Amino acid sequence: ADIAIHNATASNPLGDPPGVYLNYNELPEGPCPAARKAMVDAIPHAGRYSHNMVSEMQKTLAQDLGVSPEWLLIYPGSGSLLKLAPHAFTSSSRPLVIASPGYEDCVRGAKSAGSPITEVPLLDSGAHDIDAMLQKPAGLLYICNPNNPTGTVTPHDKLVQAIERTPADTIIIVDEAYIHFSNQPSVIPLIASHPNLVVMRTFSKVYGMAGVRCGFAVGRPDVLASLKQFAGDPELSVLAAVGCTASLKQPNLVAERKLLNAKRRDKTMQWLTQQGFTCMPSETNFFMVDVKRPTQDVVNGLLQKGVHVSNRWKMLPTTLRVSVGTEQDMAAFRLAFAEVMGLKGS
Ligand code: PLP
């Protein structure tokens with residue numbers, strides 16, 4: 001069975017002070033037992049470069065996704081690829097178009113590339129406003145589905161419309177970092193018929209390997225080649241390659257973790273709703289809750305009780321983002337939240 005160690009221990013070798021870390025959308029179980037074993041077994045061999053293991057991983061991943069291995073660019077984290085993508089696909093006259101609030105890595109990339117950024121507010125439902133986004137001139141259109149930080153989804157038919165209507169000379173990135181937690185179909189099958197579509201995925205979320213660093217882009221080899229100009233040849237660690245390969249070979253891992261996450265998430269969201277707070281619907285391993293007052297005092301209050309949550313979004317001044325931890329973490333969150341908010345009966 002999965003063992004959650006990160007948050008439960010008083011201290012850990014990563015040097016984090018003891019606490020409940022619900023601020024980075026990590027999976028508390030960490031790598032599955034098979035991945036842990038594969039990585040431990042590989043340590044004595046880690047003095048060598050990892051070419052064989054990386055190509056083995058590429059084959060396993062290609063099979064898992066139903067694409068050819070050349071359609072993958074595997075990298076130490078999809079965040080790096082997202083920061084590089086604007087260098088490849090935007091310019092001073094071809095902006096990045098992104099939802100607001102959205103995941104910021106492409107914005108960082110566009111800033112360092114000196115390209116303009118057009119932000120389009122999400123709809124009230126939390127879905128991307130596809131019609132408004134498509135009206136904006138773009139070199140790169142970025143859609144995160146499900147979206148970070150809101151946890152909300154854009155309906156599949158709207159996403160397909162976005163892919164079909166994006167002009168051929170604009171690249172559309174669909175970031176599926178959290179797709180495994182959701183009930184949404186992937187858009188990877190559309191890549192074969194839509195050369196300008198790139199899908200980003202990561203092993204940091206459902207596979208619990210954020211610290212191992214592995215993510216990837218799926219796309220046509222010629223499109224990936226433009227990204228590779230800036231990304232360089234992938235330099236994946238041998239530990240990442242064996243850990244990810246082992247994870248991919250666990251047939252029930254994703255389904256089990258999806259279920260466990262939903263159970264823990266929904267219990268706390270229901271509790272918050274009973275206490276009179278509104279949560280955005282979530283299909284991810286995090287959710288947003290409106291605390292009905294400026295968030296900084298709440299964040300600080302929770303921090304004093306060792307509970308870390310996030311509130312980085314200026315356009316959502318009363319909303320916290322809470323990642324889903326273990327059952328024990330969520331109980332600690334509920335207790336600390338009740339105390340900080342002065343809820344009756346706490
Ligand atoms: N995309 C989204 C939407 C994310 O939330 C994250 C991490 O939080 C990433 C990409 C980057 O993941 P990594 O660089 O760990 O692969």
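Against which elements do the buried residues of α10 pack? In this predicted model, the buried residues of α10 pack against β11 (307–308), β12 (319–323) and α11 (327–341). The legends below begin with that helix.

**Figure 1. Close-up of helix α10, residues 295–304.** Thr295, Val298 and Leu302 are the buried residues shown for this helix. Viewed down the axis of α10, the buried residues fall within an arc of 65°, so they line one face of the helix. Gln296, Asp297, Asn300 and Gln304 lie on the other side of α10 and are exposed. Strands β11 and β12, together with helix α11, form the surroundings against which the buried residues of α10 pack. Glycine 306, just after α10, adopts a positive phi of about 80°.

**Figure 2. Close-up of helix α7, residues 221–231.** Val223, Leu224, Leu227 and Ala231 are buried in this helix. These buried residues fall within an arc of 95° when seen down the axis of α7, so they line one face of the helix. The exposed residues Asp222 and Gln229 are carried on the face of α7 turned away from its buried side. Packing partners of the buried residues of α7 are β2 (72–75), α3, β6 (171–175), β7 (197–202) and β8 (215–218). Just after α7, the backbone at glycine 232 has a positive phi of about 75°.

**Figure 3. Close-up of the residues around the ligand.** The ligand is surrounded by 14 residues, of which the closest are Gly77, Gly79, Thr202, Ser204 and Gly215. Helix α3 (residues 78–89) supplies the largest share of this shell, 3 residues. Sorted by class, the shell comprises 5 nonpolar, 8 polar and 1 charged residues. Helix α3 is also among the elements against which the buried residues of α7 pack.

**Figure 4. Contact region between domain 1 (33–248) and domain 2 (253–341).** The C-alpha centres of domain 1 and domain 2 are 26 Å apart. Across the contact region, 18 residues of domain 1 are in contact with 18 residues of domain 2. The side of domain 1 that touches domain 2 is made up of 7 nonpolar, 10 polar and 1 charged residues. A UniProt record, from an unreviewed entry, lists residues 20–331 as "domain: Aminotransferase class I/classII large". In the model, the end C-alpha atoms of residues 20–331 lie 10 Å apart, and this span is 39% helix and 16% strand.

**Figure 5. Close-up of threonine 268 in helix α9, residues 253–274.** Threonine 268 counts as buried because it has 23 C-beta neighbours inside 10 Å, the threshold for a buried residue being 20 or more. Leaving aside neighbours within four places in sequence, the contacts of threonine 268 are Met330, Phe333 and Arg334. Alanine 113 is 155 residues from threonine 268 along the chain, and the C-alpha atoms of these two residues are separated by 41 Å.

**Figure 6. Close-up of glutamine 63 in helix α2, residues 51–65.** Is glutamine 63 buried or exposed? Glutamine 63 is exposed, since 12 other C-beta atoms lie within 10 Å and the exposed class extends to 12 or fewer. Leucine 248 lies 185 residues from glutamine 63 in sequence, and the two are 9.7 Å apart in space, C-alpha to C-alpha.

Notes:
Residues are numbered from 1 along each chain as its sequence is written. This is a predicted model: local features need pLDDT of at least 70, side-chain atom pairs count only at pLDDT 80 or more; totals for chains, interfaces and linings use all residues. Domain bounds come from an automatic or database domain assignment. Two residues are in contact if their C-beta atoms, placed from the backbone, lie within 7 Å. Ala, Val, Leu, Ile, Met, Phe, Trp, Tyr, Cys and Pro count as nonpolar, Asp, Glu, Lys and Arg as charged, and the others, Gly among them, as polar. UniProt positions are given in the numbering used here, feature names are shortened, and annotations may be inferred rather than shown by experiment. Helices (H or I, at least four residues) and strands (E, at least two) are DSSP runs, numbered from the N terminus. A residue is near a molecule or strand if its C-beta atom, placed from the backbone, lies within 6 Å of it. The arc is that of the directions from the helix axis to the C-beta atoms.
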